[in-house]
Amino acid sequence: MLVEKKERVILGIDPGTAVMGYGAILEKGSKMELITMGIVRMEHLDDHFLKLQRIFEKTIHLIDEYKPDVLAIEAPFYGKNIQVMLKLGRAQGVAMAAALSRNIPVTEYAPRKIKQSITGNGSSGKEQVAAMLQRLLNFKETPEFLDATDGLAVAVCHSFQRVPSGGSGKAKSYSGWASFVQDNKKRVK
């Protein structure tokens, strides 16, 4: 019989070619603790391939430092420019390759799903997501860049998808913040 781990580290990444956001949380049973969050700046690099190399190397460094059990990553979304989406897809791909090279499983989430799981509204702004994360994880400092909280949001979203319900040991998915709160009143302050 498989015994589920009582603790796990989730690394979340918001890929980008100018700024990559990341956040790591420690999940202890039904509680979450902030481990770290931050950004990787690449706007000073002109070469797209150097940016991809930096993303890969930084992701490997984060994995080696924090030993995550899983990597959760934001999926690229189509905006107005297909070239931007292609570059974001490449950034996501190298971060995923870094995790897979260390045998870390990868889960991908759509931006709307991430926002909905954190705030209950899939069209929330970055500021709303950051404010909700501050309350959930009890940290005061406001990151310099909202890309850091975006990376953290991906990790928290992944945690919310796997919250055990009752004593059955099976994971329960929540359609949004309101349904999560309804089932987890003791976890929300």
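**Exercise 1. Which residue caps the N-terminal end of helix 1, and which backbone nitrogen does its side-chain oxygen approach?**

Solution. Begin with the source: this is a predicted model in which local features need pLDDT of at least 70 and side-chain atom pairs count only at pLDDT 80 or more, while totals for chains, interfaces and linings use all residues. Residues are numbered from 1 along each chain as its sequence is written, and side-chain values use heavy atoms, with hydrogens and water left out.

Step 1. The cap is Asp47, which places a side-chain oxygen 2.6 Å from the backbone nitrogen of Phe49.

Step 2. At the other end, helix 1 is followed by Lys67, whose phi is positive, near 50°. Helices here are DSSP runs of H or I with at least four residues, and strands are runs of E with at least two, numbered from the N terminus.

Step 3. Between its first and last C-alpha, helix 1, with 19 residues, reaches 27 Å, close to the 27 Å expected at 1.5 Å a residue; the expected span is 1.5 Å times one less than the number of residues.

**Exercise 2. Describe how helix 1 and helix 2 pack against each other.**

Solution. Step 1. The axes of helix 1 (residues 48-66) and helix 2 (residues 82-101) come within 9 Å and cross at roughly 35°, where axes are lines fitted to C-alpha atoms over the stretch in contact and angles run from 0 to 180 degrees between N-to-C directions.

Step 2. Residues in contact (heavy atoms within 4.5 Å) include Leu52, Ile55, Thr59 and Ile60 from helix 1, and Arg90, Ala91, Val94 and Ala95 from helix 2.

Step 3. By class, this contact has eleven nonpolar, three polar and two charged residues; Ala, Val, Leu, Ile, Met, Phe, Trp, Tyr, Cys and Pro count as nonpolar, Asp, Glu, Lys and Arg as charged, and the others, Gly among them, as polar.

**Exercise 3. Is Ala95 buried or exposed, and which residues does Ala95 touch?**

Solution. Step 1. Ala95, found in helix 2, is buried, with a relative accessible area of 0%; buried means under 20%, exposed over 50% and partly exposed in between, with a 1.4 Å probe and protein chains only.

Step 2. Leaving out residues up to four places away in sequence, Ala95 touches Ile13, Ile55, Thr59, Leu71 and Ile73.

Step 3. The C-alpha atoms of Ala95 and Ile60 are separated by 8.3 Å, although these residues are 35 apart along the chain.

Step 4. On the helix 1 side, the buried residues include Ile55 and Thr59, and their cover includes strand 1 (7-14), strand 2 (19-28), strand 3 (31-41) and helix 2.

Definitions and conventions: A polar contact is a pair of N or O atoms within 3.5 Å; within protein, one must be able to donate a hydrogen and the other to accept it, and residues adjacent in sequence count only if both atoms are side-chain atoms.
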